[in-house]
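This report follows one helix and its surroundings, and then turns to the cores, a polar contact and the backbone of the loops. The sequence and the structure come first.

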Amino acid sequence: GKEVGGEDLIAGEGDGAVKGAGEKDEEEMRAAVRRLRVGFLQGWPLGELMALAGAVPGWPSEKAQAAVFDAIFGDHGARAFPPSVRRTAKLLKLLLKALEDGDEEVEMDERLLHTYASLPVATPGDGVEWSYLHYHLAVDAPPIVLRTADAFGRGAETGSVVWDAGVWLACYALARPELFAARRLVELGAGCGLLSCALARQCAPRELIATDAYEETLANVQHNLDANGIPDVPVLASDAVAPYVRARRSGSPAGEGVVCCARLDWFDPEAASALGALEPDLVLAADCVYNEDLLDGLVRTIRALITPSSSRPAASALIASKRRSEQTWAVFQAALARHNLRSEEEDISCSRGDLEGGAGCAGLWRLCDPTDITLLRLTVDA
């Protein structure tokens, strides 16, 4: 598999433009460049990126412009997994306009001008752009990179973009890896695969099955797992997962996790039953409570996956979701009652504090507001 290489984006290696300054000034410059780089690669709003550029010490001096250029373009990982060209062009346009309109007369960095001029001009008929976002999880770990789309349509549907509750649930898992280590996990509606990538790389599950209804989405999850150093992950039919896991278990060293992707239609009871034979300890879903027509199938699938058995008397599901519509939420609650599932809201207040001490995870939190995320633990009502 192709692993994320190059510089450690959090540590700020390779910031050539800041060398030679006094120690304190150099550290301030490094910190400002680091913040801008992380924000740019994680897809922060353009207005906030402009504020971060303006906060680079000495802006808009030529040295500060060079540092901003290095923050955006000076990383090997970003070259291997390039961010959105359209978004990059918009940011460069804003930077050049700010320099042109500024009170100080400064020479514009030639690299900013040349790079902007060399980028293709987007037109309304260009369609969907596929590019990468880089999620920085820890100071001593490479980022998780995700291939995503910038819009829906033409093969890029809801599973091709990153949703707030998925970011939040990934943060939750990283704050509490012990809840997921050595456990059998199934993710429903895996989308781009941020949660599955975080779980597979950081939480050491015994088994991890990333599921979705669409083959194109699963192919992208497979691609993203491979890009993050988890190679050779197959995409299987639901009834082929249990035989695959058993075969891997018999031929793999003890303690080695098994990861695969599986197509799962929530309205296919046989597919859910086939996955249920794996007896997962925990089912996970993020931002899957959005379409009333899908909710009964979603809940029925969860019920099939966590039904108690003699060998696994207790299992549960963690559902993270934005409550976009109280009517949709009521339909979801009614489906839970119909399928004999009990829901308890988990306390998420301490999770943010667990992560905000680290620059990378703080950046993940920065992408969503957990105050409007609800986390439910579902169990079978006795």
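In this predicted model, the cover over the buried residues of helix H13 includes helix H12 (292-306) together with three strands, namely S8 (316-322), S9 (341-345) and S10 (373-380). The residues of H13 that are buried are Thr-328, Trp-329, Phe-332, Ala-335 and Leu-336, and they lie on the same side of the helix because they cover an arc of only 115° around its axis. An α-helix has 3.6 residues a turn, so residues three or four places apart point the same way. On the face turned away from the buried side, H13 carries the exposed residues Gln-327, Ala-337 and Arg-338.

H13 itself runs over residues 326-338, and its 13 residues reach 18 Å from the first C-alpha to the last, close to the 18 Å expected at 1.5 Å a residue. At the N-terminal end the helix is capped by Ser-325, of which a side-chain oxygen lies 3.3 Å from the backbone nitrogen of Gln-327. After H13 comes Asn-340, with a positive phi near 60°.

Strand S8, one of the elements that cover H13, also holds Lys-322. The side chain of Lys-322 is joined to that of Asp-164 by a polar contact of 2.9 Å. When neighbours within four places in sequence are left aside, the residues in contact with Lys-322 are Asp-164, Ala-165, Asp-287, Val-289, Asp-372 and Ile-373.

Which residues have the most contacts inside the largest nonpolar core? They are Ile-144, Leu-169, Phe-180, Leu-199, Leu-225 and Leu-284, in a core of 38 residues. Helix H7 (residues 164-175) supplies the largest share of this core, with eight residues. Apart from this core lies another, of 37 residues, and Leu-188, Leu-236, Leu-278 and Leu-336 are among them; Leu-336 is also one of the buried residues of H13. In soluble globular proteins, nonpolar side chains tend to be buried together. Ile-144 has contacts beyond its neighbours within four places in sequence, including those with Leu-133, Tyr-135, Leu-137, Leu-194, Cys-197 and Ala-198, and also with His-134, Arg-201 and Asn-228.

Two loop residues with positive phi are set out below.

| Residue | Phi | Loop | Relative accessible area |
|---|---|---|---|
| Ala-182 | about 60° | between H7 and strand S3 (184-188) | 58% |
| Asp-232 | about 60° | between helix H9 (215-227) and strand S5 (235-237) | 71% |

Neither Ala-182 nor Asp-232 is a glycine. Ala-182 is exposed, and Asp-232 likewise counts as exposed. Another loop, between helix H2 (46-54) and helix H3 (62-73), contains Pro-60, and the peptide bond that leads from Trp-59 to Pro-60 is cis, with omega near 10°.

For the protein as a whole, there are 15 helices and 10 strands, and buried residues make up 50% of the 382 residues. Of the contacts between residues at least 6 apart in sequence, 74% join residues at least 24 apart. The exposed area is about 16900 Å², of which carbon and sulfur atoms supply 51%.

Note on methods:
Residues numbered from 1 in each chain as written. Predicted model: local features only at pLDDT ≥ 70, side-chain atom pairs only at ≥ 80, totals over all residues. Heavy atoms only, no water. Helix = DSSP H or I, 4+ residues; strand = E, 2+ residues; numbered from the N terminus. Buried < 20%, exposed > 50% of the residue type's maximum accessible area, 1.4 Å probe, protein only. Contact = heavy atoms within 4.5 Å. Areas by Shrake-Rupley, 256 points an atom, 1.4 Å probe, with all protein chains shown as cover. Expected span 1.5 Å × (residues − 1). Arc of directions from axis to C-beta. Polar contact = N/O pair within 3.5 Å; in protein donor to acceptor, adjacent residues only side chain to side chain. Core = buried A, V, L, I, M, F, W, Y, C linked by side-chain atoms within 4.5 Å.
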